[in-house]
Amino acid sequence: MTMRPGTERKLLDAAEELFFTRGIAATPIDAVLERAGVSAATLYRGYAGKEALVAAALTRRHDEWIRTWDDAVARAVDDRGRLLAVFDALDAFRSTPTGSRWCAFLGTASEYADAPAEIAAVLHGETSTLRERLRDRAVPLVGDRAEVLADQLLLVVSGSLAMRLRDGGGDTATARAVAAALLA
């Protein structure tokens, strides 16, 4: 039996809010159920357990992030702007109701030394997507160096997200400057 879309949305909203602000290990599934206003039976009708719910919340978040990034790319006027649009997207995503202190994917990865398969797959997919999209946008600017530049930019993006834990505020101005220097 499947879950009704409205019920699933409430459950994913609660999971995302609690897991990605309090931490996955620190959030008991009962807290998610209480916040969502659903029963355990309802949860298990749609998800095998907590890890499957985490994976679903991450997948939904990834889809929202990609839409935000696509919007930023669409506003860019040239190839350089399309590549650096990742920083516009990071700033825009952070200001949304589902934005968070830093990165749900990095946070999740930090909680699992050996992530369950469904979570590991989502984490790997998110990293691969980020790397591939950066590489594809770098090709018109640097040609054969695109793969290397994508890895460098992935490090800059990840570092920018991690810095949000240290200073709590700030935008991506420093990361953008580092990325621009890599293009010079």
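**Exercise 1.** List the residues in contact with leucine 53, leaving aside its neighbours within four places in sequence.

*Solution.* Take contact as heavy atoms within 4.5 Å. The partners of leucine 53 are then Leu11, Leu12, Ala15, Phe19, Ile29, Val32, Leu43 and Tyr47. The model is predicted, so local features need pLDDT of at least 70 and side-chain atom pairs pLDDT 80 or more, while totals for chains, interfaces and linings use all residues. Residues are numbered from 1 along each chain, and side-chain values use heavy atoms, without hydrogens and water.

**Exercise 2.** Find which residues have the most contacts inside the largest nonpolar core, and which helix gives the largest share of this core.

*Solution.* Such a core is a set of buried (under 20% relative accessible area, 1.4 Å probe, protein chains only) Ala, Val, Leu, Ile, Met, Phe, Trp, Tyr and Cys residues joined through side-chain atoms within 4.5 Å. The largest core has 60 residues, and Leu11 and Leu53 have the most contacts inside it. Its largest share, twelve residues, comes from α4.

**Exercise 3.** Describe the span, bend and buried residues of α5.

*Solution.* Helices are DSSP runs (H or I, at least four residues), numbered from the N terminus. First, α5 (residues 79-94) reaches 24 Å from its first C-alpha to its last. The expected span, 1.5 Å times one less than the number of residues, is 22 Å for the 16 residues of α5. Next, α5 bends by about 40° at alanine 85, as the angle between axes fitted to the seven residues ending there and the seven starting there. Last, the buried residues of α5 include Leu83, Leu84, Ala85 and Phe93; their cover includes α4 (50-75), α7 (117-142), α8 (146-167) and α9 (173-183).

Note on methods. Helix = DSSP H or I, 4+ residues; strand = E, 2+ residues; numbered from the N terminus. Buried < 20%, exposed > 50% of the residue type's maximum accessible area, 1.4 Å probe, protein only.
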